[in-house]
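Please examine the sequence and the structure shown below before attempting the exercises. Each exercise states a task and is followed by a worked solution.

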Amino acid sequence: MACCPESHDIVATLRRAVLRRTRTVADLPDLPEAQIEVLRVLSAVGSATPREVADRLRMAPSTISNLLRTMTAAGLVSRTASETDLRVVHLAPSPTARDLLDRYDQASAHTLLTAIESLPPARRKALWSALPALTDLLTELERTP
């Protein structure tokens with residue numbers, strides 16, 4: 001089954017639109033999406049090395065290093081040397097970062113719900129019905145190749 005040409009763009013465009021609207025509605029800082037992804041990983045695991053973050057996000061270590069440098073300077077990430085190997089650094093989200101992430105999550109949930117509720121009933125039903133399939137698709141895409 002062939003995909004329509006627009007299908008590959010809709011997910012990325014939708015994600016950016018939700019983030020943009022969330023920032024505006026909740027008056028949140030303009031954190032880049034990549035930084036939000038790093039904070040999500042760190043919040044989920046509590047503490048991780050830069051390599052673990054890069055692996056989990058499937059990003060180049062140099063990209064993660066650049067993100068972490070900026071995020072550390074902004075007070076969003078704390079770095080702690082490993083007790084067993086001083087060459088290894090463990091990262092954790094700061095309390096400020098956790099608060100921002102909570103605010104983003106609450107605002108984006110509200111933004112999405114408000115937008116969905118403004119749609120005609122048949123479209124709302126179609127979106128709610130699609131959630132299990134989208135969850136399955138996410139699981140499939142996150143499998144390590």
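## Exercise 1: Residues in loops

At 66% relative accessibility, D27 counts as exposed, where exposed means over 50% relative accessible area, buried means under 20%, and partly exposed lies in between (1.4 Å probe, protein chains only). The model is a predicted one, in which local features need pLDDT of at least 70 and side-chain atom pairs count only at pLDDT 80 or more, while totals for chains, interfaces and linings use all residues. Residues are numbered from 1 along each chain as its sequence is written, and side-chain values use heavy atoms, with hydrogens and water left out.

**Task.** State where D27 and R58 are found and what the sign of phi is in each.

**Solution.**
- Step 1: Locate D27, which is found in the loop between α1 (7-26) and α2. Helices (H or I, at least four residues) and strands (E, at least two) are DSSP runs, numbered from the N terminus.
- Step 2: Read the phi of D27, which is positive, about 50°, although D27 is not a glycine.
- Step 3: Turn to R58, which lies in the loop between α3 and α4 and has a positive phi near 55°, again in a residue other than glycine.
- Step 4: R58 counts as partly exposed because its relative accessibility is 47%.

## Exercise 2: The overall fold

**Task.** Determine how many helices and strands the protein has, and in which pattern they follow one another.

**Solution.**
- Step 1: Count the elements: there are six helices and two strands.
- Step 2: Read along the sequence to obtain the pattern α-α-α-α-β-β-α-α.
- Step 3: Consider the extent of the protein, whose C-alpha atoms fill a box of roughly 60 × 40 × 25 Å along the principal axes.
- Step 4: Consider burial: of the 145 residues, 25% count as buried.
- Step 5: Consider contacts, meaning heavy atoms within 4.5 Å. Among contacts with a separation of 6 or more, 52% come from residues 24 or more positions apart.

## Exercise 3: The nonpolar core

**Task.** Identify which residues touch the most other members of the largest nonpolar core, and which helices each supply at least two of its residues.

**Solution.**
- Step 1: Define the term: a nonpolar core is a set of buried Ala, Val, Leu, Ile, Met, Phe, Trp, Tyr and Cys residues joined through side-chain atoms within 4.5 Å.
- Step 2: The largest such core has 24 residues, of which V38, L39, V53, I64, L76 and V77 touch the most other members.
- Step 3: At least two residues of this core come from each of α2 (33-45), α3 (50-57), α4 (61-73) and α5 (95-117).
- Step 4: Take V53 as an example: leaving out residues up to four places away in sequence, V53 touches V38, V41, L42, A48, I64 and L91.
- Step 5: Relate this to a general tendency: in soluble globular proteins, nonpolar side chains tend to be buried together.

## Exercise 4: The buried face of α3

**Task.** Find which residues of α3 are buried and how they are arranged around the helix.

**Solution.**
- Step 1: The buried residues of α3 are V53, A54 and L57.
- Step 2: Seen down the axis of α3, these buried residues fall within an arc of 100°, so they line one face of the helix. The arc is that of the directions from the helix axis to the C-beta atoms.
- Step 3: The cover over these residues includes α2, α4 and β2 (89-93).

## Exercise 5: Three individual residues

**Task.** For Q35, S108 and G46, decide whether each is buried, partly exposed or exposed, and list contacts beyond four places in sequence.

**Solution.**
- Step 1: Q35 lies in helix α2 and counts as buried because its relative accessibility is 7%. Q35 touches L67, T70, M71 and L76.
- Step 2: S108 is placed in helix α5 and, at 19% relative accessibility, counts as buried. S108 is in contact with V18 and T22.
- Step 3: G46 is placed in the loop between α2 and α3 and is partly exposed, with a relative accessible area of 27%.
- Step 4: G46 touches L91, A92, P93 and R98. G46 and L91 are 45 residues apart along the chain, and their C-alpha atoms are separated by 8.3 Å.
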